[in-house]
Amino acid sequence: MFTINDELKEKISNINNLLEIKYKNIFDLDKTKFRQFIEDNVGQIKKMTKLNKDKLADFHSSGGIVGVDGSNNRIGGAYPHYIEIFQALAKSTYCKNEPLFKTDIYTPLIPEHDENPLEVGEMIIEDKKNIKLANLEVEAALESIDKFKPYAIMMDGGLIRYNIYAYDKWLELKSRCEEEGIILFGVIKDIKTSVIGDLIVEKNSEYEKPIYDKEILFGVLDYGEMILIQEYANKKEPQGYASVFLRSSLQPSVIGMDIIDTQREHLEEMARLVFTLTPENSRGVPLWLDIVDKEVKISDEMMKGLLERYMDRGVYERFFISERDKR
Amino acid sequence: MKVVGITTQQEFFIGSKERNFRINEFLIIEDTYQGDLLGEVVEAKTYNRYIPLNIYGDFVDNSVIDSLKALGYDIDEDTIYIAKVRLLNEALYPVQTGSDVRLPKFSEIKNLMINTKKDEGLILGVIRNTDDVAEEMDDEFKNLLYTFEEGQLIPQRELPYIFNIRSMHQYPHIGVFGGSGSGKSFGLRVLLEELMLKGIPTIVLDPHFEMDFSELAIDQDTTPSFVDKFKCLQIGIHVGVKFEDLSPQDLKNLLDAAGRLTDSMHNVVDILFKRRDSFTSFSDRLRMLSEAQEEGTIGKIEARIENADSEDERRAWKERKELFETYDKSCPNSSVRGIIWRLMRLANDGVFSKDIREIEDGLQNGKLIVIQGSTRILQVFSTYLLNNLYHKRRDYKDAIYKKTQADYFPPFIVVTDEAHNFAPKGYDSPSKSVLKEISQEGRKYGVFLILATQRPTLLDETITAQLNTKFIFRTVRASDIMTIKEETDITMEESKRLPYLRTGDVFISSASMGRTIYARIRAAYSTSPHTENPFDELKSKAKEEDEKFYSLIMNKLPINDIDMVHIISDIEKEANITYTIDALEEKLKLMADKGYITKEETLFGYRYKKL
């Protein structure tokens, strides 16, 4: 009954082979040699220690750490018959502070800013989604500065995203943080950069682009080690960020961290904070971000419940129930 | 506190971020459409979405939690509290989700909790988890009792549970169920104390010799004394059966209790027992008949008469001959002999040596009468006693109805522990029929039962069905829990809690309240004579023995091994205790081991000396 198309099997093993061939030389690299390459060309590999209680208590008394994350979910069918909810949350470790939510909602059926649904392509819509979410997150972070006066703000994801999608507000946030001495940094769970990969290609012509950092750093760092990426190696530098790769849990994969350039001196401290807040046996994400993420997440059930409760059944059924939902 | 989730007319959930719920507490639901509704928490839960420390499958270690705590975030603060609430009275519509929930005021739930006045009811304990409302309760209900928790007396903080004794007129009889160590006997004690304080005539069948109320456990000015309110009477010593008053049926019941009677034995009693027979006349008749039957034939008996040495003997054999001629055909020898040994067994227990006057007098004076004896004897005696007393009361009430004269006999309560021995399910026991009769029609005559048992499953079902109030203590056996579930209105949730109830905590399912109350029995004023731990007893006894022996030898130390013989004779003279050399030696060695004396080696062997 469950026969699998032979062609499909073949294609999958083909991909596997291609990847193996492409990366053979890299995976075969000697670990010590590769680490040396990193030390020479990218930046120092440094062993971190966890922050002690006193240090953490200092953070607490200076306002705590705010975690910022966003989430979106959509319900309905294909464009334009869907409705999408965006939500951002800034949550302070300082317990008395109520979590700060920002929400937005969008459906292509009600065009914003005189856009014409027929002319707006899916790409633009995708961008729109990113813009909305990034803006909400930055807004939440901005408001958290007013309300919580935190010691540091930990964004979920790289900072470059805000640069691209929420430029104006982002500049505001950046300058406020710089003025008020609030550390602003982002934790990148899934790194998509090719900083080290590019350098390898540069130095050895036998490799070809693109080689991403995610796969080459897999298993290279030991638990609690970080690579402080030097300015000369970092492409992002023009945007004004300092970055670090670190292995924060026993899992061999590596996460990244960005901080605004003017606060470079705090990079190590914040890396250690991330390391401290990450459970040893986890995926490498600081627990605080996981907690924020879980709280901000809009589940499908919640989405459905909200629409069913606050939208007339007729409207809901007419616009947002797709053929797929009725299967 | 708010109503959350899907609701029904009876059950729904409420959630809170601040307040933890307690099982069996009452809450008012402010339904915007239906007004205030009263509900009871039947299940309480807490939930923290981050603990068990598992977010997206990660296992979170404590150091991270601690670090977060240092940063000011306490993961426990994200705990939410959920309660399943059941409405006391079904609502017309499902409860509105999102309704606010608040704690009730005392006045709002008073009628559900207390349906009698303090002076008219039995103050048995406190209703658990009512301390929030208890603060506003009337002064009448404050400071009535103590509870005993974790080894100490705690003043009353919750609403009192007051059993409405007057309601027994409509809802008669009480069952007290619970495994051993669940607080059942102790609950019974509190019940009896209250009956004594109210001066209600009560008979207690006490197979454990534990219902003595002279020792007080609480030493306070307000503690009542029970000394002249009860009387312990032992069967055969203080009370017994007056043989002359026995009816043939009573006698058969008694004999049956001593050993099961066959049909033929029943027949023997019917034939040989005459009204107004004394014990002697009845037993003589039996014995002579048996002796005659052992001779075997009329001829042999006649030979006995002829060869008799004296006139007395001749007369005696003549009597035997008469008996033989009258009864031999209808009374087989084996049955006659069976009756004889049963009768002797009862007589040896002292059953026939006394009467029940003292019991009747005690009841007339509103006392609590404790009847003690072994279970077997109690079964026999109670059959006779209860029949007797119940019919006295019945005759009196019937006489009033028929407008004739009869002696006054008061209403009374019959209390027994191990009730399944007195009214077992599945087979007949002499006491069962009278208990059954009382259970079914005692209400009309003012005779009530309080039956305690650890095996409700073994108790006669007709009787169980008549128990309108049930005190259910911790019960572990599945079959008993099943029985309790069938016989009471306790809910699934409550029955699941039964094996885990703390000693002294009890579900009180009462027909007069129409629902089950979760309560804790108050601390008893008096204490059972069986409270000493047997292991403490062993220890103190051993110490006592040692000290006694030490005082014997104290003045004789040091004792050289060659002196043993003299020491033995000295001890014998002084204390009249004889030891062999080996025994003394052993005893001394033991004393040395325990550190009372020391043993030392000398040039001339060893010796024991003072420390």
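Select Ile4(A), Leu8(A) and Ile12(A) first: in this predicted model, these residues form a nonpolar patch on the surface. Together they have about 310 Å² of accessible area. Next, select Leu8(A) alone, which is found in helix α1 (residues 6-27) of chain A. Leu8(A) has a relative accessible area of 47%; it is classed as partly exposed because this value lies between the limits of 20% for buried and 50% for exposed.

Now display the whole of chain A, which contains 12 helices and 9 strands. Of its 327 residues, 50% are buried. The accessible surface of chain A comes to about 16,800 Å², and carbon and sulfur atoms account for 51% of that surface. Among the contacts in chain A with a separation of 6 or more, 70% are between residues 24 or more positions apart.

Turn then to chain B and select Ile359(B), Ile371(B) and Phe381(B). These are the residues with the most contacts inside the largest nonpolar core, which has 72 residues. Helix α12 (residues 375-402) of chain B gives the largest share of this core, 9 residues. Colouring by domain is useful here, as the core draws at least three residues from each of domain 3 (174-240 + 354-468) and domain 4 (243-348) of chain B.

Which residues does Ile371(B) touch, not counting those up to four places away in sequence? Among them are Ile203(B), Val204(B), Leu205(B), Asp206(B), Leu233(B) and Ile235(B), as well as Ile359(B), Leu378(B), Phe381(B) and Leu385(B).

Finally, select Ile28(B), Ile165(B), Leu191(B) and Ile508(B), which are included in a second, separate core of 57 residues.

Notes
Residues are numbered from 1 along each chain as its sequence is written. Chains are lettered from A and ligands numbered from 1 in the order in which they are written. This is a predicted model: local features need pLDDT of at least 70, side-chain atom pairs count only at pLDDT 80 or more; totals for chains, interfaces and linings use all residues. Side-chain values use heavy atoms; hydrogens and water are left out. A nonpolar core is a set of buried Ala, Val, Leu, Ile, Met, Phe, Trp, Tyr and Cys residues joined through side-chain atoms within 4.5 Å. Buried means under 20% relative accessible area, exposed over 50%, partly exposed in between (1.4 Å probe, protein chains only). Helices (H or I, at least four residues) and strands (E, at least two) are DSSP runs, numbered from the N terminus. Domain bounds come from an automatic or database domain assignment. Contact means heavy atoms within 4.5 Å. Patches are made of residues with over 30% relative accessible area and no salt bridge: like charges are joined within 9 Å, nonpolar side chains (Val, Leu, Ile, Met, Phe, Trp, Tyr) within 5 Å. Accessible areas come from the Shrake-Rupley method with a 1.4 Å probe; for residues, only the protein chains shown count as cover. A salt bridge is a side-chain nitrogen of Lys or Arg within 4 Å of a carboxyl oxygen of Asp or Glu.
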